[in-house]
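Me: I've got a model open and I'd like to go through the labels people put on it. Can you show it to me first, and then I'll ask how each label is earned?

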Amino acid sequence: MLTRIKGGEIIDPVNGRLGKGDLWIEDEAIVEAPAGRRADRTIDATGCVVMAGAIDIHSHIGGGNVNTARLLLPEHHAAHAPRPAQTPLSNAGWSTFQTGCLYAKMGFTTVVEPAMSPGSALHTHLELADIPIIDKATLAILGNDDFLLSMIRDKASSQMIEDYVAWTVSSSRALGVKVINAGAAAAFKENVRTFSLDDVVPSYGVSSRKIVKTLQAAVTKLGIPHPLHVHCNNLGAPGAADTAAATIAAAEGVPLHLAHLQFYGYGTEGKRRFSSEGARLAELVNSTSEVTIDIGQVMFGQTVTISSDVMRQFTSRGTASPKKTVIFDGDGNGGGIVPYRYREDFYGSVQWAIGLELFLLINDPWRVFFTTDHPNGAPFTAYPDLFALLMSRDARNAAAANLSQKALALTTLGSIDREYTFEEIAIMTRAAPAKLLGLKDRGHLGAGALADVAVYRKGKDIAQMFREAAFVIKNGEVVVEDGAIKNYRWGRALRLNPPPDKAMVRRLEAYHQDRYGLSLDWFDFPDSAIRRDEPFGEVSCNA
């Protein structure tokens, strides 16, 4: 099948295509314009913007925490209704099946679940496999597990730690590694309730900083494309900007990615001792080229916070709205579910402004990534409205006029004139995520790239433009037309597959037998257990 997308405004920063032209697709790949051949199918993109399919690097769309949130909040989840006749349960309401459809309608074709516990990897992948259309990937959580902390305490060699990280990534079918409030979940088990970068985990004698630096070194040495993905200490606390600043400084020339930086942008100025440090953090990111960040933008309305940061979730349970929570102190991280409503009050106004400050004051769109930390800052369905805020100063001013002016006075948002261009949007949501994740086959529209394409009809209403794509093509197949799903297909699971070290496997077997009374086989699973129609897509690393 030869497809021609005709007459659109092509936005492809990777290949320097920024203007009107045609895009050609043969089967599942983008190709050069074929000489002497006529298209089997032509899509008229006149008056439209043509981009690669969008990539979300941080969205909680699968796994135990997500299911627990559904159970806690049936009133906000249509799938609690009686199961429709002859319809998969996942197709009832906003659940796994709906997730893929809603992402695809907005032109997203790849999404990363950033917090997979290795011990529940099978469950996570089974749930992700039930999400249609989009490709999925995961980040495996390390940094609070006894095996790693014991190795660091006992001064195990860097090679042994690298072998353990490689085994974890391989056995859990992950695309990278995440550390969540390093050491804090282990400290929480011993009744510690606050934990900072240089605090020490009782019983192990290792600091949070040491854990982060150890994992950062291992990820880098293994050649895992995505840098260590760091959820810092003290999330959501006034003064957390100091922790984020210290973590940025700790990168020390080695790549490091900081997640949902908005939640660390809080200062202590003003009568309420809650203010914006967004400008300060943006300046630090601008001057630290080895650091990348995603935002975790707050948008107003009801949501639910989902996190494996058990210490933070335990602390925030008093702010739950509605008043119900789940906290579990599990092996490794544990976690918690705390529903929350972001209101247009003083505190919500500051949070909203901080995220926008970070977006607009960080100069390099290749190092700042578009997220709401779904669903923590807002559900991903709020993305179109966020695009509008970034691309229009007038839209920001109109929104800000309805918020607490005392709160906004503690931010720099009102003085920022910058408006994102289509090219910057394409970098931040396509080209840069593909580069960060090591996905060379997507994020651009060059010959040989995977035919993941989003076509948007230009108009004055930016949010509507991005909410309902004119066309979305996944692997060469039209899956969305005029904002409606036209075809369903199963996406691919993207993973790394570093070869496990045999000595480390033997050591882990002995550890699991001694600690759990279970064979290591209980923590592994065959690829066939989670495949749909598409096999795994393997991404290369140096291991």
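Me: How many bridges join E18 to E19, and do they run parallel or antiparallel?

Reply: One thing up front: this is a predicted model. E18 and E19 are joined by three bridges and run antiparallel. Pairing takes at least two bridges between the strands, so E18 and E19, with three, count as paired. One such match is phenylalanine 328, whose bridge partner in E19 is glycine 335.

Me: What makes the sheet with E17, E19 and E18 an open one, and which strands stand at the edges?

Reply: The order is E17-E19-E18, with antiparallel pairing. E17 and E18 are at the edges with a single partner strand each, so one side of each has no neighbour in the sheet. From one strand to the next, the twist averages 20°. In general, strands of a sheet pair through backbone hydrogen bonds, parallel or antiparallel.

Me: How do you know that E9 pairs with E8 and with E12?

Reply: Count bridges again: three join strand E8 (residues 135-141) to E9, and three join E9 to strand E12 (residues 229-231). The cut-off is at least two, so both pairs pass. E8 and E9 run parallel, and E9 and E12 run parallel too. On the E8 side, leucine 139 has glycine 176 of E9 as its bridge partner. Toward E12, lysine 178 stands opposite histidine 229.

Me: Why is E9 called mostly covered?

Reply: Five of the five residues of strand E9 (residues 176-180) are buried. Gly176, Lys178 and Ile180 point one way, Val177 and Val179 the other, and all are buried.

Me: Why are H12 and H13 called roughly perpendicular?

Reply: Two packed helices are described by the angle and the distance between their axes. Here the axes of helix H12 (residues 383-391) and helix H13 (residues 393-400) cross at roughly 110° and come within 5 Å. Roughly perpendicular covers 65 to 115 degrees, so the label fits H12 and H13.

Me: Which residues make that contact between H12 and H13, and how do they divide into nonpolar, polar and charged?

Reply: From H12, Ala388, Leu389, Leu390 and Met391 meet Arg393, Ala395, Arg396 and Ala399 of H13. The residues of this contact divide into six nonpolar, no polar and two charged.

Me: What makes H12 largely enclosed?

Reply: Eight of its nine residues are buried, so the rest of the structure largely encloses H12. The buried ones are Tyr383, Pro384, Leu386, Phe387, Ala388, Leu389, Leu390 and Met391.

Me: How do you know that the buried residues of H1 sit on the same side of the helix?

Reply: Helix H1 (residues 64-72) has Asn65, Val66, Ala69, Arg70 and Leu72 as its buried residues. Around the axis they cover an arc of only 165°, which puts them on the same side of H1. Their cover includes helix H2 (96-105), helix H3 (121-129), strand E17 (301-307), strand E18 (326-328) and strand E19 (335-342).

Me: Last one: why does alanine 282 count as buried?

Reply: Buried means under 20% relative accessible area. Alanine 282 has 1% relative accessibility, so the label holds. Alanine 282 is found in helix H9 (residues 278-286). Leaving out residues up to four places away in sequence, alanine 282 touches Leu358, Leu361 and Ile362.

Conventions: Residues are numbered from 1 along each chain as its sequence is written. This is a predicted model: local features need pLDDT of at least 70, side-chain atom pairs count only at pLDDT 80 or more; totals for chains, interfaces and linings use all residues. Side-chain values use heavy atoms; hydrogens and water are left out. Buried means under 20% relative accessible area, exposed over 50%, partly exposed in between (1.4 Å probe, protein chains only). Helices (H or I, at least four residues) and strands (E, at least two) are DSSP runs, numbered from the N terminus. The arc is that of the directions from the helix axis to the C-beta atoms. Contact means heavy atoms within 4.5 Å. Axes are lines fitted to C-alpha atoms, for helices over the stretch in contact, and angles run from 0 to 180 degrees between N-to-C directions. Angles under 35 degrees count as roughly parallel, over 145 as roughly antiparallel, 65 to 115 as roughly perpendicular and the rest as oblique. Ala, Val, Leu, Ile, Met, Phe, Trp, Tyr, Cys and Pro count as nonpolar, Asp, Glu, Lys and Arg as charged, and the others, Gly among them, as polar.
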